[in-house]
Amino acid sequence: LDRIETSTKGKHTKKDIWSDVFLKNVFGGRWLYQKIPRDCEIYETKKEGCGHWQSSRLESFLKVELMIRGKERIEDSLAELMQGELMDGDNKIHCEVCVQKKATVRRTCFGDLPSTLMLHLKRFDLDFQTFETVKLNNRMAFPAKINMLKYTKEGIEAEERRRTAEQEAAAEEGDELPSGRDNR
């Protein structure tokens with residue numbers, strides 16, 4: 001990638017193909033950083049009016065760095081990367097519109113996927129007992145094809161809608177969801 005970048009920057013040709021073509025159309029993707037409040041009437045009725053929703057932002061990336069410690073499959077690393085973090089208690093996030101602190105899930109997902117996705121496996125880690133860098137040589141299963149929809153905003157929201165509909169259907173029938181299911 002470094003060689004492609006160097007040779008297409010336009011040093012000799014004065015034409016920056018790297019920025020005009022490769023970043024925009026081939027390797028460039030964008031992360032979407034979101035804040036999703038819990039128990040917020042404004043967010044539930046009209047997302048555009050919520051200060052948390054308005055604070056979502058996109059950030060460009062070239063490669064996706066995946067933690068592999070304790071993981072056996074690429075999908076496991078991607079799922080961990082997309083997992084949201086609940087900010088509650090003292091960590092509640094202030095909403096500019098509601099002028100209140102609310103329990104909020106902060107999450108990262110793919111806003112725009114690149115045509116060519118590069119996954120960087122973080123094979124070097126810090127051993128906290130010796131404070132030395134160690135190389136992780138564990139096996140990592142890597143499928144020939146991978147459906148990236150479930151790691152995008154659209155895929156995550158579709159899964160949330162499916163889960164909500166499933167919970168509502170179970171509530172109507174008077175059943176409880178089986179234990180072990182994630183009810184976020």
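Let me start with helix H6, residues 153-173, which lies across strands E1 and E7 and runs at about 130° to E7. Before going further, please note that this is a predicted model.

H6 also brings us to some charged residues. Glu159, Arg162, Arg163 and Glu166 are linked in a network of salt bridges. I will come back to salt bridges after the sheet.

So, the sheet. What is the order of its strands? The order is E2-E1-E7-E4, in an open sheet of four strands with antiparallel pairing. The edges are taken by strand E2, residues 57-61, and strand E4, residues 85-87. Each of these has a single partner strand, so one side of each is left without a neighbour in the sheet. On average, and ignoring direction, neighbouring strands here are turned by 30° against each other. As general background, strands of a sheet pair through backbone hydrogen bonds, either parallel or antiparallel.

Take one pairing in detail. Strand E7 covers residues 104-112, and E4 pairs with E7 in the antiparallel sense over three bridges. If you want a residue to look for, pick Leu86, whose bridge partner in E7 is Val105.

A further helix belongs in this picture. Helix H5, residues 74-82, packs on the sheet and touches E7 as well as strand E1, residues 29-37. The direction of H5 makes about 125° with that of E7.

Now the salt bridges. How many does the structure hold? The count is 13. I will go through three pairs.

The first pair on my list is Glu80 and Lys71, where the closest N and O atoms are 2.5 Å apart. Is each partner buried or partly exposed? Glu80 counts as partly exposed, at 38% relative accessibility. Lys71 has a relative accessible area of 13% and is buried, because buried means under 20%.

Next, Arg73 and Asp76 form a salt bridge, with 3.2 Å between the closest N and O atoms. Arg73 is partly exposed at 39% relative accessibility, and Asp76 is partly exposed at 29%.

The last pair is Glu5 and Lys9, whose side chains meet in a salt bridge at 3.7 Å, N to O. Glu5 has a relative accessible area of 25% and is partly exposed. Lys9 is partly exposed too, with 40%.

Arg73 comes up again when we turn to a loop. Ala141 lies in the loop between strand E10, residues 132-135, and H6. Which residues does Ala141 touch, leaving out those up to four places away in sequence? They are Glu72, Arg73 and Ile74. Ala141 is partly exposed, with a relative accessible area of 23%. For a sense of where this loop residue sits, compare Tyr33: the C-alpha atoms of Ala141 and Tyr33 are separated by 28 Å, and the two residues are 108 apart along the chain.

Finally, the surface. Leu126, Phe128 and Phe131 make a nonpolar surface patch of about 360 Å². Leu126 lies in strand E9, which spans residues 124-127. Why can Leu126 be counted in such a patch? Its relative accessible area is 32%, which makes Leu126 partly exposed, and patch residues need over 30%.

To recap where we began: H6 lies across E1 and E7, and H5 packs on the sheet, touching E1 and E7.

Definitions and conventions: Residues are numbered from 1 along each chain as its sequence is written. This is a predicted model: local features need pLDDT of at least 70, side-chain atom pairs count only at pLDDT 80 or more; totals for chains, interfaces and linings use all residues. Side-chain values use heavy atoms; hydrogens and water are left out. Patches are made of residues with over 30% relative accessible area and no salt bridge: like charges are joined within 9 Å, nonpolar side chains (Val, Leu, Ile, Met, Phe, Trp, Tyr) within 5 Å. Accessible areas come from the Shrake-Rupley method with a 1.4 Å probe; for residues, only the protein chains shown count as cover. A salt bridge is a side-chain nitrogen of Lys or Arg within 4 Å of a carboxyl oxygen of Asp or Glu. Helices (H or I, at least four residues) and strands (E, at least two) are DSSP runs, numbered from the N terminus. Buried means under 20% relative accessible area, exposed over 50%, partly exposed in between (1.4 Å probe, protein chains only). Two strands pair if DSSP finds at least two bridges between them. Axes are lines fitted to C-alpha atoms, for helices over the stretch in contact, and angles run from 0 to 180 degrees between N-to-C directions. Contact means heavy atoms within 4.5 Å.
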